[in-house]
Amino acid sequence: MRIGVPQETARGERRVALVPDTVGRLVKAGADVLVQRGAGAAAFFADADYERAGARLADTAAAVLGQAEVVVKVRRPSLDEAGLVQPGAVVLGLLAPSAAPSRDVLAKLAERGASALAMELVPRTTRAQSMDALSSQATVAGYQAVLLGATHLAKLLPMLTTAAGTLAPAKVFILGAGVAGLQAIATARRLGGVVSAFDVRPVVREQVQSLGATFVAAEAAETAAAEGQGGYAKELADEQQRRVLAAVGGHIKDIDLVVTTAQVPGRPAPRLITEEMVASMRPGSVIVDLAAETGGNCALTRLDETVVARGVTILGPGNLPSTVPLHASQMYSRNLQTVLQHVTKDGQIVLDAADDIVGPMLVVHEGKVRN
Ligand code: NAD
């Protein structure tokens, strides 16, 4: 099986789909891996490391795509790249299948007679956990959001007792305690912040508490009890939303650093922080909104911009995993390797649409766009 790793072309993307360590494992298992020169450079993986791991290098994306039976990507290929994919090849990546610009790319892959597996559609089951790229990348994002917030904060996070006086610890509030939120809680605790969290799924209360944070507004969470299919949250009804906003509004005015991660699959991000709530916060406080790409949890968030309103800094970073490219790539690469192992039978890729992991991920199959 020939696996191709082209360089990522999405603006600002620094991750690479396969790191040399994973390449080595795949080569040992009998694969022929072809890497575009410089593909790992932005994540600090040198061409020489890929060669040492047993990969061959190619000068251009066209050379990689023209030979690969399996194309591994971090982000969706461009339309031009999709046009170079070989008939019968399989493309794996975070293809953003429900985003509008993906339609043409998936159609192009279908037209080429290729297949495509969307890494964000790995089912969130225990069996598929090691393939779950949404979780691995959300882990990186949650960690990095706290560090980003801390560097913009006018305060230190830990309590410090020094000859120059005692500093009270900063108060950190995490909204949405899924994968990114739980990692944000753990990171803020390690930095010495006093951490509280809220989620509309009451089941996360124990997980929040086990990380040493306080679960706030438990009553609003119990009333909402918005756990839907697959462990994800559901959109709230108006009355539930009103209660959540009242609970969040009552708590937020005393907070120094807020990290929001709330998402509802397939819907715009729930609006949890209003302009009035921002105005109630102390100048020098910071909000890091990880839901910026889906519209933001805060009314004032702008994607990839820094907004300062009444002295409160609001950050809406779009692709935080890419800012920690080495470890984010390492984790993503392992996710890809596990998917590849799952679909490989006797050295050949077999895409079984009836398989409970492959089926949901298979967005293009046998010349047709599915899902
Ligand atoms: P996500 O990114 O879709 O959402 C992040 C968080 O926002 C979720 O915890 C959600 O409940 C919360 N949220 C949504 N609306 C909200 C609102 N109005 N107010 C406050 N919080 C709100 O979710 P995710 O982090 O990708 O995963 C969610 C859950 O999926 C996990 O906690 C887990 O239960 C499940 N999961 C399972 C596995 C597995 O078993 N392999 C892997 C990953 C996730």
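In the model, which is predicted, a polar side-chain atom of Arg201 lies 2.7 Å from an oxygen atom of the ligand, a polar contact being a pair of N or O atoms within 3.5 Å. A polar backbone atom of Gln263 is placed 3.3 Å from an oxygen atom of the ligand, and a backbone N or O atom of Thr125 lies 3.2 Å from a nitrogen atom of the ligand. Taken alone, the ligand exposes 830 Å², of which the protein buries 85% (accessible areas by the Shrake-Rupley method with a 1.4 Å probe). The ligand is surrounded by 23 residues, the closest being Arg124, Val179, Asp199, Arg201 and Gln263, where a residue is near if one of its heavy atoms lies within 4 Å.

Residues are numbered from 1 along each chain as its sequence is written. Local features need pLDDT of at least 70 and side-chain atom pairs count only at pLDDT 80 or more, whereas totals for chains, interfaces and linings use all residues, and side-chain values use heavy atoms, with hydrogens and water left out.

The second largest pocket (an open set of points on a 1 Å grid over the protein atoms alone, where a 1.4 Å probe fits, with protein on both sides within 12 Å along at least five of seven lines; lining residues have an atom within 4 Å of a point) is lined by 20 residues, of which Asp304, Pro317, Gly318, Asn319 and Leu320 lie nearest its centre. Because domain 1 (2–121 + 325–365) and domain 2 (140–322) both give residues to the lining, this pocket lies between them, the domain bounds coming from an automatic or database assignment.

Notes:
Polar contact = N/O pair within 3.5 Å; in protein donor to acceptor, adjacent residues only side chain to side chain.
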